[in-house]
Amino acid sequence: MSTYKSVTIKNWAVEDRPREKMLIKGIQSLSDAELIAVMIRSGCRDQSAVDLARQLLFTAGNDLNKLGRY
């Protein structure tokens, strides 16, 4: 069991939260991980939605096309 505790997105500055960032700056301002996080909507106990999205991307070799085929 990990002692690492991710900071929840609710604790991020408002302009850094993926959903709010998208609304303020537009969808083009999001990284691939942030865009996936918006679609995931929420994380789990130990990981934010962005953390989970980063893991998904890593699993797919950071290739959105490959991720879409999973």
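Student: Which helices do the buried residues of α3 pack against?

Tutor: Good place to begin, and please keep in mind that this is a predicted model. The buried residues of α3 pack against α1, α2 and α4. As for which residues those are, A49, V50, D51, A53 and L57 of α3 are buried.

Student: And which residues of helix α2 are buried?

Tutor: Helix α2 covers residues 32–40, and its buried residues are A33, E34, I36, A37 and V38. These buried residues pack against α1 (18–25), α3 (49–59) and α4 (64–69). So that you can follow the word, "buried" stands for a relative accessible area under 20%.

Student: How should I read the packing of two helices, and at what angle do α2 and α3 pack?

Tutor: Here is the general idea: two packed helices are described by the angle between their axes and the distance between the axes. In this model, α2 and α3 pack at an angle of about 120 degrees, and their axes are 8 Å apart. The contact involves D32, A33, I36, A37 and I40 on the α2 side. On the α3 side, A49, V50, L52, A53, R54, L56 and L57 take part. Sorted by class, the contact has ten nonpolar residues, no polar ones and two charged ones. One more descriptor is handedness: α2 passes α3 in a right-handed crossing.

Student: Now for charges. How many salt bridges does the structure hold?

Tutor: The general idea is that side chains of opposite charge can pair when their charged atoms come close. This structure holds two salt bridges. In one of them, E34 pairs with K21, and their closest N and O atoms are 3.2 Å apart. Because E34 lies in helix α2 and K21 in helix α1, the pair ties together parts that are 13 residues apart in sequence.

Student: Are E34 and K21 buried or exposed?

Tutor: Let us take each in turn. E34 counts as buried because its relative accessibility is 11%. K21 also has a value below the cut-off, 16%, so K21 counts as buried.

Student: Which residues does E34 touch?

Tutor: Setting aside residues up to four places away in sequence, E34 touches D16, P18, K21 and S29.

Student: Where does S29 lie, and what does its side chain reach?

Tutor: S29 lies in the loop between α1 and α2. Its side chain reaches the backbone oxygen of G26 at 2.6 Å. With neighbours within four places in sequence left aside, S29 is in contact with K21 and E34, the two partners of the salt bridge we just discussed. S29 is partly exposed, with a relative accessible area of 24%. You can also compare sequence with space here: S29 and P18 are eleven residues apart in sequence, and their C-alpha atoms are 9.3 Å apart.

Student: What about the other salt bridge: which residue does D51 pair with?

Tutor: First the general idea: an α-helix has 3.6 residues a turn, so residues three or four places apart point the same way. Here, D51 forms a salt bridge with R54, and the closest N and O atoms are 3.6 Å apart. Both residues lie in helix α3, three residues apart, which is about one turn of the helix. D51 is buried, with a relative accessible area of 16%, whereas R54 counts as partly exposed at 49%. R54 also belongs to the contact that α3 makes with α2.

Student: What comes after α2, and what is its phi?

Tutor: R41 follows α2, and its phi is positive, near 80 degrees. R41 has this positive phi although it is not a glycine. You will find R41 in the loop between α2 and α3. With a relative accessible area of 63%, R41 is exposed.

Student: And which residue takes a positive phi just after α3?

Tutor: That is G61, with a positive phi of about 65 degrees. Another residue to look at is N62, which has a positive phi of about 55 degrees although it is not a glycine. N62 is found in the loop between α3 and α4, and at 56% relative accessibility N62 counts as exposed.

Definitions and conventions:
Residues numbered from 1 in each chain as written. Predicted model: local features only at pLDDT ≥ 70, side-chain atom pairs only at ≥ 80, totals over all residues. Heavy atoms only, no water. Buried < 20%, exposed > 50% of the residue type's maximum accessible area, 1.4 Å probe, protein only. Helix = DSSP H or I, 4+ residues; strand = E, 2+ residues; numbered from the N terminus. Contact = heavy atoms within 4.5 Å. Salt bridge = Lys/Arg side-chain N within 4 Å of Asp/Glu carboxyl O. Axes fitted to C-alpha atoms, helices over the stretch in contact; angles between N-to-C directions. Left-handed = near helix turned anticlockwise from the far one by under 90°. Nonpolar A, V, L, I, M, F, W, Y, C, P; charged D, E, K, R; others polar. Polar contact = N/O pair within 3.5 Å; in protein donor to acceptor, adjacent residues only side chain to side chain.
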